[in-house]
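User: I'm new to this one and would like a walk through it. Can we start with the overall layout and then go to single residues?

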Amino acid sequence: MDDWRVLLGVAGFLLTLIGFVFTRAEKSAGITRELEQRTHKNELSIERMRGDNAEKYATKHELRETVEDLKKSINGRFDRLETKLRQREHIMNKHIALVIAGTPANFMPSPELYGEYIGAMAQGNVVDSAHNFVMQSAAEKDKETLRALAEQNAGAMMQVAAALIGEYAPKIEITVKI
């Protein structure tokens, strides 16, 4: 009996730790976006100032060259930002395909669904949170099959949720530095 209590205590601690890490990552991402926006605004201001100075002191030919350079610079920055956004979106919205009891099923978990799942797990709603996470992440065409599976096997949703979490947020190596 004591072994189960210890395991439950360790599981609770790990879920709390995962929730903490997830919220810190969200805050960090928000701060990063804000800094990128500030940096972008500052760069635009600097480019405008350079354009103003060039207009005052340059010939028409030099001014045209400066404007072309500015256009290339700005377009390059926008291209880099779009690439970063696409990469971030791809990482955060993973498509996961599983074969469950011989039937393929597709899932699209999101950071929001993952956060809700971890929060509900931390509150002790293990079975309901697993069921909700699986069903909300599942593709529409696969939901009926998953409902039937849940009716046949009471622990199926927990197993599917564990497989999804294992794929969506794989374990990372953490060591304690002494």
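User: How many helices and strands are there in the protein?

Analyst: This is a predicted model, and in it the protein has 6 helices and 2 strands. Going along the sequence, the order of these elements is α-α-β-β-α-α-α-α.

User: And what does the protein span along its principal axes?

Analyst: The C-alpha trace of the protein spans about 85 × 45 × 25 Å along those axes. The radius of gyration is 25 Å, whereas a compact globule of 178 residues would have a value near 16 Å.

User: What share of the residues is buried?

Analyst: Of the 178 residues in the protein, 23% are buried. The accessible surface comes to about 13,600 Å², and 58% of that surface belongs to carbon and sulfur atoms.

User: What about contacts between residues 24 or more positions apart?

Analyst: Among contacts with a separation of 6 or more, 60% are between residues that lie 24 or more positions apart.

User: Switching to charges, how many positive and negative side chains are there?

Analyst: The protein carries 24 positive and 25 negative side chains, and the centres of these two sets are 6 Å apart.

User: Okay, aromatic pairs next: how many does a search of the whole structure find?

Analyst: The search finds 2 aromatic pairs. In the pair of tyrosine 114 and tyrosine 168, the ring centres are 5.6 Å apart and the planes stand at 50°, so this pair is tilted.

User: Which parts does that pair tie together?

Analyst: Tyrosine 114 belongs to helix H3, residues 111-122, and tyrosine 168 to helix H6, residues 156-168, so the pair ties together parts that are 54 residues apart in sequence. Both of these tyrosines, tyrosine 114 and tyrosine 168, are buried.

User: What is phenylalanine 133 in contact with, leaving aside its neighbours within four places in sequence?

Analyst: With those neighbours left aside, phenylalanine 133 is in contact with Pro109, Leu113, Tyr114, Tyr117, Ala161, Leu164 and Ile165, so one member of the tyrosine pair just discussed, Tyr114, is in this list. Phenylalanine 133 is found in helix H4, which covers residues 126-137, and its relative accessible area is 2%, so it counts as buried. Although phenylalanine 133 and alanine 161 are 28 residues apart along the chain, their C-alpha atoms are separated by 6.9 Å.

User: Is methionine 158 buried or exposed, or in between?

Analyst: Methionine 158 is partly exposed, with a relative accessible area of 36%, and its place is in helix H6. Not counting neighbours within four places in sequence, methionine 158 is in contact with Val126, Val127 and Ala130. Methionine 158 and serine 129 are 29 residues apart in sequence, and from C-alpha to C-alpha they are 8.7 Å apart in space.

User: Now glutamate 47, where is that one found?

Analyst: Glutamate 47 is in helix H1, which runs over residues 2-57. Its relative accessible area is 9%, and since buried means under 20%, glutamate 47 is buried. Apart from residues up to four places away in sequence, glutamate 47 touches Leu70, Ser73 and Arg77.

User: Last one: what is the phi of alanine 101?

Analyst: The phi of alanine 101 is near 50°, which is a positive value in a residue other than glycine. Alanine 101 sits in the loop between strand E1 (96-100) and strand E2 (103-107), and with a relative accessible area of 70% alanine 101 is exposed.

Conventions:
Residues are numbered from 1 along each chain as its sequence is written. This is a predicted model: local features need pLDDT of at least 70, side-chain atom pairs count only at pLDDT 80 or more; totals for chains, interfaces and linings use all residues. Side-chain values use heavy atoms; hydrogens and water are left out. Helices (H or I, at least four residues) and strands (E, at least two) are DSSP runs, numbered from the N terminus. The radius of gyration is taken over C-alpha atoms; the globule rule is 2.2 Å times the number of residues to the power 0.38. Buried means under 20% relative accessible area, exposed over 50%, partly exposed in between (1.4 Å probe, protein chains only). Contact means heavy atoms within 4.5 Å. Accessible areas come from the Shrake-Rupley method with a 1.4 Å probe; for residues, only the protein chains shown count as cover. Lys and Arg count as positive and Asp and Glu as negative; His and the chain ends are not counted. The place of a charge is taken as NZ of Lys, CZ of Arg, CG of Asp or CD of Glu. Rings of Phe, Tyr and Trp (its six-membered ring) pair if their centres lie within 6.5 Å; planes under 30 degrees apart count as stacked, over 60 as edge-to-face and the rest as tilted.
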